[in-house]
Amino acid sequence: MCMSIASTTTTTTSLFLIMESSSVLLFSLVSLLVLSEFVQQSEARAFFVFGDSLVDSGNNNYLATTARADSPPYGIDYPTHRPTGRFSNGLNIPDIISERIGEEPTLPYLSPELQGERLFVGANFASAGIGILNDTGIQFLNIIRINQQLAYFEQYQERVSSLIGPDETQRLVNQALFLITLGGNDFVNNYYLVPFSARSREFSLPDYVQYVISEYRKILAV
């Protein structure tokens, strides 16, 4: 796989939401402040988004899943005032980052509009309901799990390479900005989903946190 998240020329921002609710909020706000400071200083570049509903810009609209944001009140404050597949009343985090780096919003990878030169802006691979663990979000049926998101990223590079060649594609990826937002659903929609979930019977909470972190490390090492 031609994955460049770990390269020295690539900036990776990981919003790892695995703490209790108050800690999650504080951690998220601090992470976003740091990210905002970075993107204000960043030149225009390709932008790739991986993760869950916090950053899904509409991929789930193209899937047969119950994890959808295709009806009001989603989108009521979006410029079109219509649902877009974003799990937000308006813009989401990737939209704001795209504005700050002077680019148009990245399109969902499954969007038929993601063709030609629009590929050079980057792509959003995120899918609401997923987690770090493969059994997270099984109740939502057909969602794009993180391994499939990474497979789509490889496919994306093949598509771009057919347009500008492998060397230019590698340069585009190496200079890109990456956002990965994972972990919240592994708690909300897995460990705490029911009073005696399979994962809560298997792990104490501290052990589960360590397990999720270890699985997340594997994802980042791909």
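**Entry 1: Ser204**

I looked up Ser204 in this predicted model and found it in the loop between helix H6 (198–202) and helix H7 (205–220). Its relative accessible area is 37%, so I recorded Ser204 as partly exposed. I then asked which side chain the side chain of Ser204 meets in a polar contact. The partner is the side chain of Asp207, at 3.2 Å. I also took the separation of the C-alpha atoms of Ser204 and Tyr191: it is 9.9 Å, for residues 13 apart along the chain.

**Entry 2: the chain as a whole**

I counted 7 helices and 4 strands in the chain. Read from the N terminus, the order of elements is β-α-β-α-β-α-α-β-α-α-α. Of the 222 residues in the chain, 48% are buried. I next looked at contacts between residues at least 6 apart in sequence, and 67% of these join residues at least 24 apart. The exposed area of the chain comes to about 10900 Å², and 56% of it is supplied by carbon and sulfur atoms.

**Entry 3: the nonpolar cores**

In soluble globular proteins, nonpolar side chains tend to be buried together. I therefore searched the chain for nonpolar cores, and the largest has 36 residues. Phe48, Phe50, Phe125, Phe153 and Tyr156 are the residues with the most contacts inside this core. Two or more residues each come from E2, H3, helix H4 (166–174), strand E4 (177–182), helix H5 (185–191) and H7. Which element gives the most to this core? I found that H7 does, with 6 residues.

I followed Tyr156 further, leaving aside its neighbours within four places in sequence. Tyr156 is in contact with Phe48, Tyr109, Leu119, Phe120, Gly122, Ala123, Phe125 and Leu172. Apart from the largest core I noted another, of 8 residues, including Val55, Ile97, Ala126 and Leu177.

**Entry 4: helix H3**

I checked the span of H3 against expectation. At 1.5 Å a residue, its 19 residues should span 27 Å, and the end C-alpha atoms are 27 Å apart, so the two values agree.

I then asked which residues of H3 are buried. They are Ile146, Gln149, Leu150, Phe153, Tyr156, Gln157 and Val160. These residues cover an arc of only 100 degrees around the axis, which means that they lie on the same side of H3. The buried residues pack against E2, E3, H4, E4 and H7. On the face of H3 turned away from the buried side I found the exposed residues Glu158 and Ser162. Just after H3, Gly165 has a positive phi of about 90 degrees.

**Entry 5: backbone geometry in the loops**

Most residues other than glycine have a negative phi, and most peptide bonds are trans. I looked for departures from both patterns.

Where is there a cis peptide bond? I found one joining Pro72 and Pro73, with omega at about 10 degrees. Pro73 is placed in the loop between strand E2 (47–51) and helix H2 (93–100).

His81 also lies in the loop between E2 and H2. I read its phi as near 60 degrees, a positive value in a residue other than glycine. The relative accessible area of His81 is 57%, so I entered it as exposed.

Leu141 is found in the loop between strand E3 (122–124) and helix H3 (146–164). Phi of Leu141 is near 65 degrees, again positive in a residue other than glycine. I asked whether Leu141 is buried or exposed. Its relative accessible area is 60%, and Leu141 is therefore exposed.

**Entry 6: Asn92**

I returned to the loop between E2 and H2 for Asn92, which has its place there. With a relative accessible area of 6%, Asn92 falls under the 20% limit and is therefore buried. I looked for a polar contact of its side chain and found one with the side chain of Ser57, at 3.3 Å. Not counting residues up to four places away in sequence, Asn92 touches Leu54, Val55, Asp56, Ser57 and Arg86. Ser57 thus appears in my notes both as a residue touched by Asn92 and as its polar partner through side chains. Val55, one of the residues touched by Asn92, is also among the members of the core of 8 residues.

How values were computed: Residues are numbered from 1 along each chain as its sequence is written. This is a predicted model: local features need pLDDT of at least 70, side-chain atom pairs count only at pLDDT 80 or more; totals for chains, interfaces and linings use all residues. Side-chain values use heavy atoms; hydrogens and water are left out. Buried means under 20% relative accessible area, exposed over 50%, partly exposed in between (1.4 Å probe, protein chains only). A polar contact is a pair of N or O atoms within 3.5 Å; within protein, one must be able to donate a hydrogen and the other to accept it, and residues adjacent in sequence count only if both atoms are side-chain atoms. Contact means heavy atoms within 4.5 Å. Accessible areas come from the Shrake-Rupley method with a 1.4 Å probe; for residues, only the protein chains shown count as cover. A nonpolar core is a set of buried Ala, Val, Leu, Ile, Met, Phe, Trp, Tyr and Cys residues joined through side-chain atoms within 4.5 Å. The expected span of a helix is 1.5 Å times one less than its number of residues. The arc is that of the directions from the helix axis to the C-beta atoms.
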